[in-house]
Amino acid sequence: MYHPQDALAAISAPVFKGRPPAAQPSLIHHDVANFNRDQQLFRDVPHVMTSFRKAMESHGVVRDPLPLPDQIPPYPSSIVGASSLPKDVSSLYRSAGAEASLAALERLTACKVLSSNVRHPHSAFALKGGETEGVARLQYYLHGNSEDAETPLKSGPCIRAPQHVDNADLAVASGAAAISTSSSMRGSERVAEMSSGKVGRSASASPPIDNFKDTRMLVGGMDNSVKLSAYLAAGCLSPRMVYAEIQRARQQVGADSGHSWLIMHLVIRDFFLFTALKEGDKLEQPGGIQGKAKQWRHSDEEFQRWCQGRTGFPFVDACMRELAATGYMSNRGRQNVSSFLCKAMGHSWQLGAAVFESLLVDHDWAVNTVNWAYFAGVGNDPRDRIFRTVSQGMTYDPEAQLIKTWLPELKELPGEFAHKPWELEESAADACGFNLRRDYVTPMLDASTQIAVNYGRND
Ligand SMILES: Cc1cc2nc3c(=O)[nH]c(=O)nc-3n(C[C@H](O)[C@H](O)[C@H](O)COP(=O)(O)OP(=O)(O)OC[C@H]3O[C@@H](n4cnc5c(N)ncnc54)[C@H](O)[C@@H]3O)c2cc1C
């Protein structure tokens with residue numbers, strides 16, 4: 001039986017680190033979520049995400065954030081170079097004696113990953129690390145550039161949770177589908193701008209949260225989604241503190257635009273954390289949570305094409321090149337590239353998850369692994385969906401901005417042909433000075449199977 005770690009060794013891929021002992025802080029405390037009946041923590045976590053959200057409507061209570069500590073203890077001496085922490089990730093690799101892993105990763109992706117602390121000019125995650133930056137980002141997302149965007153770290157009290165956060169409150173939050181979207185529908189022009197990645201911090205008239213519901217699924221742009229995942233994964237922000245701030249902003253404006261929708265996604269994050277705790281070792285198995293007897297294919301050459309963004313499917317390739325260059329990929333991109341690797345190419349979801357683990361700035365073992373199992377068809381997706389990446393790209397990158405940013409070789413192609421360059425007639429291709437074989441690659445799979453079926457925006 002093929003084992004992913006062997007395959008990883010064979011292709012000199014980055015280190016597969018395995019399951020960490022504890023999960024990240026959750027929004028809802030597991031006690032409160034009532035998952036500890038019969039002393040078997042997490043046994044009753046529902047298998048399906050919707051059921052989990054509904055369970056949270058009846059049981060979920062978000063506790064207040066804990067007060068700020070007066071002081072924090074020094075780094076444990078076991079941390080490599082604790083007295084002088086490396087300034088960037090590549091020096092961290094070096095000080096840990098892991099240059100070989102870094103080199104392997106760069107070979108695999110054909111990209112100078114992590115070798116500089118200079119942020120990529122096209123990154124959709126143009127943010128710095130640390131709590132102060134995370135708080136500033138949250139404030140901007142909720143309040144725009146208005147006066148209400150206090151900096152809680154300076155003004156202390158505004159990170160306190162509202163005093164009465166109860167079941168009913170969360171029920172509103174996690175029942176977000178039923179919430180009126182009238183206020184979030186007004187920003188169609190802004191949505192178009194965002195999909196083209198033009199909206200930056202200073203361009204914002206209304207706070208980005210107003211459009212969150214409409215823009216979250218788009219694949220380009222800084223403000224289309226909240227970009228808090230890295231702060232949550234690294235522990236710079238706690239989900240409870242984020243929740244308290246969202247509630248405070250909602251009370252301040254007296255209306256719910258994207259607030260409930262954002263809280264719902266924090267609840268979804270809990271679903272992934274709790275599922276990992278519930279399923280445990282199954283997540284180390286090729287058959288995943290479902291224990292499927294699955295024989296994953298393997299080909300170094302094919303896998304490398306996926307890693308390097310050379311599959312011949314522009315949406316997949318743009319997302320993979322963005323990941324290698326910036327450490328970030330949109331949620332819709334992640335869903336598509338994982339579905340493509342596992343369901344279209346038939347390759348191991350554990351290999352894909354390992355590559356994400358090595359590259360994502362927001363990597364979180366539980367969230368990443370359970371999501372990969374989900375989209376590989378060995379996890380919690382009751383519908384076992386397959387994403388048709390061409391149609392998906394045309395829906396979520398309608399102007400092909402993401403594609404043209406990361407695949408400059410397709411920049412001159414007209415309209416939808418940037419999504420399916422193989423359909424461009426020879427004369428039209430000549431007119432653009434484009435040759436599929438010479439300038440890009442022919443699709444590695446039957447292109448017709450990647451077109452047609454599309455999924456709804458909120459799938
Ligand atoms: C294959 C795959 C791997 C992923 N790996 C990671 C990972 O390692 N770390 C990680 O933080 N997220 C992961 N995600 C989830 C999601 O893609 C990111 O959280 C999201 O894109 C981060 O951008 P954002 O902060 O702008 O999120 P938004 O879309 O604005 O959502 C707000 C917050 O909700 C949470 N959230 C949203 N969607 C999800 C989701 N599907 N699963 C869990 N939490 C979610 C995140 O904390 C996020 O910051 C993965 C998704 C897939 C499909």
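This is a short tour of a predicted model, with selections to make in the viewer.

Residues are numbered from 1 along each chain as its sequence is written. In this predicted model, local features need pLDDT of at least 70 and side-chain atom pairs count only at pLDDT 80 or more, while totals for chains, interfaces and linings use all residues.

**Stop 1: the ligand**

Select the ligand and its shell. The shell holds 29 residues, each with its C-beta atom, placed from the backbone, within 6 Å of the ligand. The closest are Ser-225, Ser-229, His-265, Asn-331 and Asn-368.

Now colour helices H10 (229-234), H12 (259-279), H15 (331-344) and H17 (365-376); each supplies at least two shell residues. Helices are DSSP runs (H or I, at least four residues), numbered from the N terminus. H12 gives the largest share of the shell, 6 residues.

Colour by class next. The shell has 13 nonpolar, 10 polar and 6 charged residues. Here Ala, Val, Leu, Ile, Met, Phe, Trp, Tyr, Cys and Pro count as nonpolar, Asp, Glu, Lys and Arg as charged, and the others, Gly among them, as polar.

**Stop 2: H11 against H12**

Keep H12 and add H11 (residues 239-253). Their axes come within 10 Å and cross at roughly 165 degrees. Axes are lines fitted to C-alpha atoms, for helices over the stretch in contact, and angles run from 0 to 180 degrees between N-to-C directions. H11 is therefore roughly antiparallel to H12 (angles over 145 degrees count as such).

Show side chains. On H11, select Pro-239, Val-242, Tyr-243, Ile-246, Ala-249 and Arg-250; they meet His-259, Leu-262, Ile-263, Leu-266 and Arg-269 in H12. Contact requires C-beta atoms, placed from the backbone, within 7 Å. These residues divide into 8 nonpolar, 1 polar and 2 charged.

**Stop 3: H15 against H18**

Go to H15 and add H18 (389-396). The two pack at about 170 degrees, axes 11 Å apart. They are therefore roughly antiparallel too. Arg-332, Asn-336 and Phe-340 in H15 meet Thr-389, Gln-392 and Tyr-396 in H18. This contact has 2 nonpolar, 3 polar and 1 charged residues.

**Stop 4: two arginines**

Select Arg-388, in the loop between H17 and H18. Is Arg-388 buried or exposed? Arg-388 is buried, because 22 C-beta neighbours lie inside 10 Å (the cut-off is 20 or more). Gln-450 is 62 residues away in sequence, yet its C-alpha is 4.4 Å from that of Arg-388.

Finish at Arg-107 in H4 (residues 99-109). Arg-107 is partly exposed, with 15 other C-beta atoms within 10 Å (between exposed, 12 or fewer, and buried, 20 or more).

Technical notes: Angles under 35 degrees count as roughly parallel, over 145 as roughly antiparallel, 65 to 115 as roughly perpendicular and the rest as oblique. Two residues are in contact if their C-beta atoms, placed from the backbone, lie within 7 Å.
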